[in-house]
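Could you walk me through this model in my viewer, one selection at a time? I would like to know what to click on next and what I should find there.

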Amino acid sequence: QAPNFQKYFVFNRYYNIRWQLTKSLTIDYNAKVNAIIDEPDGDINTQKKQDSIINNLKRLGRMKYFEQTITANYTVPLDKFPVTNWMGLEYRYNVGYSWRAAPKERADTLKLGNVIQNSRDQAFTGKLDFLKLYNKWKFLKEANTPKKPQTALEKAKSAKQDTVKRPPDLFALKGIARLVMSLRNVTGSYNITEGTILPGFIPSPVMVGMGSGFNAPGWDFVLGGQDPNIRYRARDNGWLSTSSKLTTAFSQTKSRDLNVKGTLEPFADMKIMLDVRKTTNNTYQEIFRYDPDNSRFNSLSPSLTGAYKISMLTIN
């Protein structure tokens, strides 16, 4: 007897859209869908089997995976104004959402539900060019621009000049000003990354990650919201599987990363680099599943972990 193979076609889709709203603001949208057109077992020799394939095509297949990202980049136009053209600031906002279907055989028996996940990443990048700020004043610019050494011919011409009084070159004062202006530039970045995983989710995405009716899991979650009460709201709306076999944890993570670098130049031939770093992260997770004995959802094995890392000044 010949083996019975299950056949299917893949129906993958990709979407990419970019908006250039202004010269300083851009928004990108990217989405990916992985779907399958299932075929009935055996030969396609009946009208019922043919209708089954056609209906699967009309539904664009059985979705297995959906993922989308939305990214906004904004450059603050500080360089357009003379007062602030020595500063720079950029902001990046990125949100992601994904829906992963449970395996078909497990969905039919264990009914564990699907897994949804989101992320939100905010990044601030800035710079301060103090040299450009100092050079806005003529006296400070001269202090920052050492004179070129004179050639022998120039020295001879200078010696032959008459004794007409000239303003002092203020060499000492410029030297002090140069020392005060030791801080030349500062660059920095600050990143906040967050994410939530919610297993046991029943609805399937229809458009932009939202289910039919555009209420599940909600615009806030799809757009990167990190409300810890999402599991309770999903429970109250009947979006969660009532299987007591669910072992995938509900989890939320958050990390912050600060990095600041500065350059000190007390003298023309001496540079000091300063580097300040701090990273913190924490993760909360629990098993949130249905208990048939008391007909309610329980939070099992909750845990909160975290860590941090900082730079230290050890010159002493």
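Start by selecting threonine 71 and showing everything around it. Leaving aside neighbours within four places in sequence, threonine 71 is in contact with Thr26, Ile27, Asp28, Arg92, Tyr93 and Asn94. Keep Asn94 highlighted, as the side chains of threonine 71 and asparagine 94 are joined by a polar contact of 2.5 Å. Threonine 71 sits in strand β4, and its relative accessibility is 10%. Buried or exposed, then, for threonine 71? Threonine 71 counts as buried, because its 10% falls under the 20% cut-off. Do keep in mind, as you click around, that this is a predicted model.

Stay on the strand and move to glutamine 68, which is also found in β4, a strand that covers residues 62-75. Glutamine 68 is buried, with a relative accessible area of 3%. What does the side chain of glutamine 68 reach? One partner is the backbone oxygen of valine 208, at 3.3 Å. Another is tyrosine 29: a polar contact of 2.7 Å joins its side chain to that of glutamine 68. For the wider surroundings, select Tyr29, Asn30, Ala31, Val95, Gly96, Tyr97, Val208, Gly209 and Val222; glutamine 68 is in contact with each of these, not counting neighbours within four places in sequence.

Next, colour the nonpolar residues. In soluble globular proteins, nonpolar side chains tend to be buried together. Here the largest nonpolar core has 21 residues, and those touching the most other members are Phe66, Tyr97, Trp99, Ile116, Leu198, Phe201 and Leu240. Elements giving two or more residues to this core are β3 (25-38), β4, β5 (87-100), β7 (183-201), α7 (219-222) and α8 (230-236). The largest share, three residues, comes from β3. Click on leucine 240 for a closer view: beyond residues up to four places away in sequence, leucine 240 touches Leu198, Pro199, Gly200, Phe201, Ile202, Arg231, Ala234, Arg235, Phe288 and Phe297. Another core, of seven residues, lies apart from the largest one, and its members include Phe130, Leu133, Tyr134 and Ala143.

Now switch on a surface and look for the second largest pocket, with a volume of about 320 Å³. Which residues lie nearest its centre? Select Arg13, Val33, Met63, Val206 and Met207, out of the 16 residues that line this pocket. The elements giving two or more residues to the lining are β2 (13-20), β3 and β4. By type, the lining of the second largest pocket divides into twelve nonpolar residues, one polar and three charged.

Finish with some backbone geometry. Most residues other than glycine have a negative phi, and most peptide bonds are trans. Go to the loop between β7 and α7, where phenylalanine 214 lies. Phenylalanine 214 has a positive phi, near 55°, and is partly exposed, with a relative accessible area of 38%. Proline 217 is found in the loop between β7 and α7 too, and the peptide bond from alanine 216 to proline 217 is cis, with omega near 5°.

The last stop is serine 301, in strand β10 (residues 296-310). Phi of serine 301 is positive as well, near 50°. With a relative accessible area of 60%, serine 301 is exposed.

Technical notes
Residues numbered from 1 in each chain as written. Predicted model: local features only at pLDDT ≥ 70, side-chain atom pairs only at ≥ 80, totals over all residues. Heavy atoms only, no water. Helix = DSSP H or I, 4+ residues; strand = E, 2+ residues; numbered from the N terminus. Buried < 20%, exposed > 50% of the residue type's maximum accessible area, 1.4 Å probe, protein only. Polar contact = N/O pair within 3.5 Å; in protein donor to acceptor, adjacent residues only side chain to side chain. Contact = heavy atoms within 4.5 Å. Core = buried A, V, L, I, M, F, W, Y, C linked by side-chain atoms within 4.5 Å. 1 Å grid on protein atoms, 1.4 Å probe; cavity = no way out; pocket = protein on both sides within 12 Å on 5 of 7 lines; lining within 4 Å. Points joined across faces, edges and corners; volume = space filled by probe spheres on them. Nonpolar A, V, L, I, M, F, W, Y, C, P; charged D, E, K, R; others polar.
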